[in-house]
Amino acid sequence: MGEQCSPWFQVVEWVVVMWRDALLIARRDLTIELRSKVGIWQILPFGLMALFLFAFALGPQTELLRTAAPGLFWLAVLFSSILAAQRSLNIEGSAATREANRLLGLDPAGVFLGKAAAMAVELLVLEVVLLVGVMLLFHVTIASWLFVVPALVLPGLGLSAAGVLYGSLAGGASTRSTLLPILVLPVEAPVLIAASKSLSRGFGAVTPDAGRWLVVLAIFAVVYSVLGVALYGPLEES
Amino acid sequence: MMRTTLRKSIGPLAAVLVAVTVWLGLVVTPPDRDQGDYVRLVYLHPALAWVALYVAFGMSAVCSLLYLWKRTRSLRFDRLAASAVEVGVVYTLLTLLTGSIWGRPTWGVWWTWDARLTSTAVLAVLLLGYLALRRVPAEAHIRARRSAVFALLAAINVPIIHFSVIWWQTLHQGATVLNPNLSPMIHGLMAWTLLLSFVAFTLLFAWMVMVRYEIETRRVDEDEVGMAAAIADRQAEGIHS
């Protein structure tokens, strides 16, 4: 006769399995990225090129560049995150990978969290490099690390969760490249506004509501992580 | 049968109410002290916005939820959600257009980075994204599931977008009728015409959704009949060969 487990034990067990799978997938995705170096040779140069182009469009006026720096920084990250999301889902897109995930009995929620975590790490690296680029090209200095650090981490988490979730919605690789930007960019508009406001506070601009914008970023990250955990499985089945 | 009767009744009723709204709005109601004749846009713009942002979005979210719920899962809800979004896109674009026409004389510009305008534009792009997603070739239930999830995600995103852009900056006026004091800041006849415009354009939306739903249902039926005929032809070929 089988032993009856309490519902709490089952929930704890599910959470443990989900995080174990998430760690496995995150490690796999990051290993693939380290070996293929697509992020370093394609996504990172794209982000840097976007910064250059924004500066060309605005002209050499230092004050204008300084004022626009937070918004342009986040635009560059936002566009690069689309490439990162497509890259991340292309790994998962092949029938063999899906079959392997199923045979290994991986929890879809764990797969989602793992992919989002790996993409968040990639975005964080990208943000650090682009931050240095913005400081050099747009003549800004960091006035408060207290705002800069959460203003880099929280949007990275939110963009990753939303990118992976909407990427799985957008279907196969053939349609994803054109469909994903239409689906995800309007949704990420609040992140662009909130992250730009928070980062401008970090650069020393007077932004009275900077704390509230950080809360918006945190809410966005939590909402999309929870939605991804709940919906990634059913979407991948389809 | 009942659906056809309802559709055939709502259509003429909506047409009559829209015509009465136009007559009251253009002929009977007075011009505004400050805005002059531009105020007549009040009988068009708020009603369009109401349908676009609340009725169409709400209907697509509810139908999507009913599709995702296993007990009520039916492609009819998927078709209804898609019809609501299609008509909703038309209303949203008209809301932006009439708002822009109204903004020119009152604010001096065709477009301004106002919270309400920006959030409506973002929602319009979201609705276009929904329609783009539906055009990705896929099996009917797979497409329905993806579309339903996207519609619900978009609905969840509405308050996030709404509040983020409100905190950003705003110029658009507040509610005229349903304001926090619940005291309508509008003259009696103008208020009744405004109310009538809400009813008229909501009924027009309902009729357009019904027609769109009917067209989609017939298209699906035709596809099924066509498929059955093709299978029958192949079977007949098999027998003769």
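## Salt bridges within chain A

A:Arg66 and A:Glu63 are joined by a salt bridge whose closest N and O atoms are 3.5 Å apart. Both residues belong to helix H3 of chain A, where a spacing of 3 residues places them about one turn of the helix apart. A:Arg66 is partly exposed, with a relative accessibility of 37%. The model that contains this pair, like every feature described below, is predicted.

A second salt bridge in chain A links the side chains of A:Arg212 and A:Asp209, with an N to O distance of 3.4 Å. Each partner is partly exposed: A:Arg212 has a relative accessibility of 38%, and A:Asp209 has a relative accessible area of 31%. Over all chains, the whole structure holds 11 salt bridges.

## A salt-bridge network in chain B

In chain B, B:Glu216 and B:Arg219 form a salt bridge in which the closest N and O atoms are 2.8 Å apart. The two residues are separated by about one helical turn because they stand 3 residues apart in helix H6 (residues 188–240) of chain B. Their accessibilities fall into separate classes: B:Glu216 counts as buried at 13% relative accessibility, whereas B:Arg219 counts as partly exposed at 38%. This pair is part of one network, in which salt bridges with shared partners connect B:Glu86, B:Arg212, B:Glu216 and B:Arg219.

## Architecture of chain B

Chain B contains 6 helices and 0 strands, and its pattern along the sequence is α-α-α-α-α-α. Of its 241 residues, 41% are buried. Among the contacts in chain B with a separation of 6 or more, 76% are between residues 24 or more positions apart. The chain exposes about 13,400 Å², of which carbon and sulfur atoms supply 69%.

One buried position is B:Thr92, which is located in helix H3 (residues 75–107) of chain B. B:Thr92 counts as buried because its relative accessibility is 1%, below the cut-off of 20%. Setting aside neighbours within four places in sequence, B:Thr92 is in contact with B:Ala52, B:Thr120, B:Ala124 and B:Leu127.

## Nonpolar cores

In soluble globular proteins, nonpolar side chains tend to be buried together. Here, the largest nonpolar core has 88 residues, and those with the most contacts inside it are A:Phe73, A:Tyr166, A:Tyr224 and B:Leu153. Helix H3 (residues 62–93) of chain A contributes the most to this core, with 12 residues. Another core, of 12 residues, lies apart from it and includes B:Val51, B:Ala84, B:Val87 and B:Phe201.

The surroundings of A:Phe73 can be listed individually. Not counting residues up to four places away in sequence, A:Phe73 touches A:Leu51, A:Glu127, A:Leu130, A:Leu131, A:Val134, A:Leu152 and A:Leu199.

## Nonpolar surface patch

On the surface, a nonpolar patch of about 690 Å² is made by B:Val16, B:Val20, B:Val22, B:Trp23, B:Leu26, B:Val27, B:Val28 and B:Leu189. Helix H1 (residues 2–28) of chain B provides the largest share of the patch, 7 residues. B:Val22 lies in this helix and is partly exposed, with a relative accessible area of 44%.

## Interface between the chains

The contact between the two chains involves 26 residues of chain A and 21 residues of chain B. Together the chains bury about 2,200 Å², with 78% of this area on carbon and sulfur atoms. The number of salt bridges between chain A and chain B is 0.

## Positive phi angles in chain A

Most residues other than glycine have a negative phi. A:Lys37, a residue other than glycine, has a positive phi near 60°. Its place is the loop between helix H1 (7–36) and helix H2 (38–58) of chain A, and A:Lys37 is partly exposed, with a relative accessible area of 36%.

A:His139 also has a positive phi, of about 60°, although it is not a glycine. A:His139 is placed in the loop between helix H5 (108–137) and helix H6 (145–169) of chain A. At 37% relative accessibility, A:His139 is partly exposed.

Conventions
Residues numbered from 1 in each chain as written. Chains lettered and ligands numbered in written order. Predicted model: local features only at pLDDT ≥ 70, side-chain atom pairs only at ≥ 80, totals over all residues. Heavy atoms only, no water. Helix = DSSP H or I, 4+ residues; strand = E, 2+ residues; numbered from the N terminus. Buried < 20%, exposed > 50% of the residue type's maximum accessible area, 1.4 Å probe, protein only. Contact = heavy atoms within 4.5 Å. Areas by Shrake-Rupley, 256 points an atom, 1.4 Å probe, with all protein chains shown as cover. Core = buried A, V, L, I, M, F, W, Y, C linked by side-chain atoms within 4.5 Å. Patch = residues over 30% accessible without salt bridge, like charges linked within 9 Å, V, L, I, M, F, W, Y side chains within 5 Å. Salt bridge = Lys/Arg side-chain N within 4 Å of Asp/Glu carboxyl O. Buried area = accessible area lost by both parts, 1.4 Å probe.
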